[in-house]
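I opened this model to look up how its helices and strands fit together. My notes follow in the order I made them.

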Amino acid sequence: MNFAVGFKPLLGDAHSMDNLEKQLICPICLEMFSKPVVILPCQHNLCRKCANDVFQASNPLWQSRGSTTVSSGGRFRCPSCRHEVVLDRHGVYGLQRNLLVENIIDIYKQESSRPLHSKAEQHLMCEEHEEEKINIYCLSCEVPTCSLCKVFGAHKDCEVAPLPTIYKRQKSELSDGIAMLVAGNDRVQAVITQMEEVCQTIEDNSRRQKQLLNQRFETLCAVLEERKGELLQALAREQEQKLQRVRGLIRQYGDHLESSSKLVESAIQSMEEPQMALYLQQAKELINKVGAMSKVELAGRPEPGYESMEQFTVSVEHVAEMLRTIDFQPGASGEEDDEEVVFDGEEGSAGPEEERLEGLH
């Protein structure tokens, strides 16, 4: 899921609707996105038809979906940021659809198709005074109420305000909160993409270092095989630790993104409620949730160079030179002791060559 559109929605306000419409314009056709909307790896959106036109222009020899010839994919540059987009053999049809943008477009079109204030406002009636409409808001108790409750009822000692004033204020607060949350979701999505690239780099570097270790250990004799296995295990443990950490962060960011997305959709649906009193009965809680979600601090990303595995590089040149000095022990008595094959300088205890073997990392 991706949040590539940032907006401050107040669907009942014409100016805000104009601002929202500007965010839903395709940079190719300069019209509102048409379904399906696809999201590029750089997080920008395009109509699928526009994306396909750009792709076909950049890859004139690429075969269409209906062709029997198997294509190897192609590439083009994003018209918004010039980021190179690499596609597989499915072409544009392999790109992920941005369902959130499509849902926002549907909501926008529904709101645009009807004049503002087209629905006759239906007033809620007070439970204690059945003939009285709920027309004021108790600031002390934070609930809508009627005038008689203020004069004679439970709210006679409370501070009150006109219902439309509080309605506009809280709707504006929720709108600002949604805008901040959507902007934060864009950043979270970008971080997730970067960390997925870090995982891929860790795997590539680990694979390269494993191949290098295997190539260098091929020049050593069987006595070094055990040490080679230990080093490979150490590298694998480091790889697993790093991958577990980054994947754990990805899961954390993903869970936050999913929760935030659901909250955004719930908030957008709440914005459609035309009845002020009914809206205000649930607006405060929703505003608090949005505010709390936007302030959630996520764990930090891996430090620069975290994906590097260069610390597992092994140099074996001096070991190979040492191994070429292996010979029979000079001066050994064939009658008293069996002949031994030792390193030069070995006299019954660990010599410098063995110490160097122990120090191989």
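**Entry 1: the S3-S4 hairpin**

I started with strand S4, residues 84-87, in what is a predicted model. Its side chains alternate. Val85 and Leu87 point to one face and are buried. Glu84 and Val86 point to the other face and are not buried.

Next I looked up the partner strand. S3, residues 74-77, is joined to S4 by four bridges, and the two run antiparallel. I checked one pair: Phe76 has Val85 as its bridge partner in S4. So much for the pairing; then I turned to the connection. S3 and S4 form a hairpin with six residues between them. In that turn I noted Arg82, which has a positive phi of about 70°.

**Entry 2: the three-stranded sheet**

Which strands form the open sheet, and in what order? I found three, in the order S2-S1-S5, with antiparallel pairing. S2 and S5 stand at the edges, each with a single partner strand, so each has one side without a neighbour in the sheet. I then found H2 packed on this sheet, where it touches S1, S2 and S5. The direction of H2 makes about 90° with that of S2.

I went back to the S1-S5 pair. Two bridges join these strands, which run antiparallel. Ile39 stands opposite Gln96 in S5.

I also looked at H3. It lies across S1, S2 and S5 and runs at about 145° to S1.

**Entry 3: the buried side of H2**

I listed the buried residues of helix H2, residues 48-58. They are Arg48, Cys50, Ala51, Asn52, Val54 and Phe55. I asked what they pack against. The list I got is S1 (37-39), S2 (45-47), S3, S4 and S5 (96-97). That takes in both strands of the hairpin from my first entry, S3 and S4.

**Entry 4: Glu102**

Glu102 sits in helix H3, residues 99-112. Is Glu102 buried or exposed? I read a relative accessible area of 4% for Glu102, and the cut-off for buried is under 20%, so Glu102 counts as buried. I left aside neighbours within four places in sequence and looked up its contacts. Glu102 is in contact with Lys35, Pro36, Val37 and Arg97.

**Entry 5: Leu148**

I moved on to helix H4, residues 147-151, where Leu148 has its place. Leu148 has 26% relative accessibility and counts as partly exposed. Again I set aside neighbours within four places in sequence. The contacts of Leu148 are then His129, Glu132 and Gly153. I also took a C-alpha to C-alpha distance: Leu148 and Glu128 are 9.1 Å apart in space and 20 residues apart in sequence.

**Entry 6: H6 against H7**

I looked up the packing of helix H6, residues 225-271, on helix H7, residues 276-294. Their angle is about 155°, and their axes are 11 Å apart. H6 and H7 are therefore roughly antiparallel to each other. H6 passes H7 in a left-handed crossing.

Which residues meet? From H6 I listed His256, Ser259, Ser260, Leu263, Ser266, Ala267, Ser270 and Met271. From H7 I listed Tyr279, Gln282, Leu286, Lys289, Val290 and Met293. By class, this contact has seven nonpolar, six polar and one charged residues.

**Entry 7: the whole chain**

I finished with totals. The protein chain has nine helices and ten strands. Of its 361 residues, 39% are buried. I also looked at contacts between residues at least 6 apart in sequence: 63% of them join residues at least 24 apart.

Notes:
Residues are numbered from 1 along each chain as its sequence is written. This is a predicted model: local features need pLDDT of at least 70, side-chain atom pairs count only at pLDDT 80 or more; totals for chains, interfaces and linings use all residues. Side-chain values use heavy atoms; hydrogens and water are left out. Axes are lines fitted to C-alpha atoms, for helices over the stretch in contact, and angles run from 0 to 180 degrees between N-to-C directions. Angles under 35 degrees count as roughly parallel, over 145 as roughly antiparallel, 65 to 115 as roughly perpendicular and the rest as oblique. A crossing is left-handed if the near helix is turned anticlockwise from the far one by less than a right angle, and right-handed if clockwise. Contact means heavy atoms within 4.5 Å. Ala, Val, Leu, Ile, Met, Phe, Trp, Tyr, Cys and Pro count as nonpolar, Asp, Glu, Lys and Arg as charged, and the others, Gly among them, as polar. Buried means under 20% relative accessible area, exposed over 50%, partly exposed in between (1.4 Å probe, protein chains only). Two strands pair if DSSP finds at least two bridges between them.
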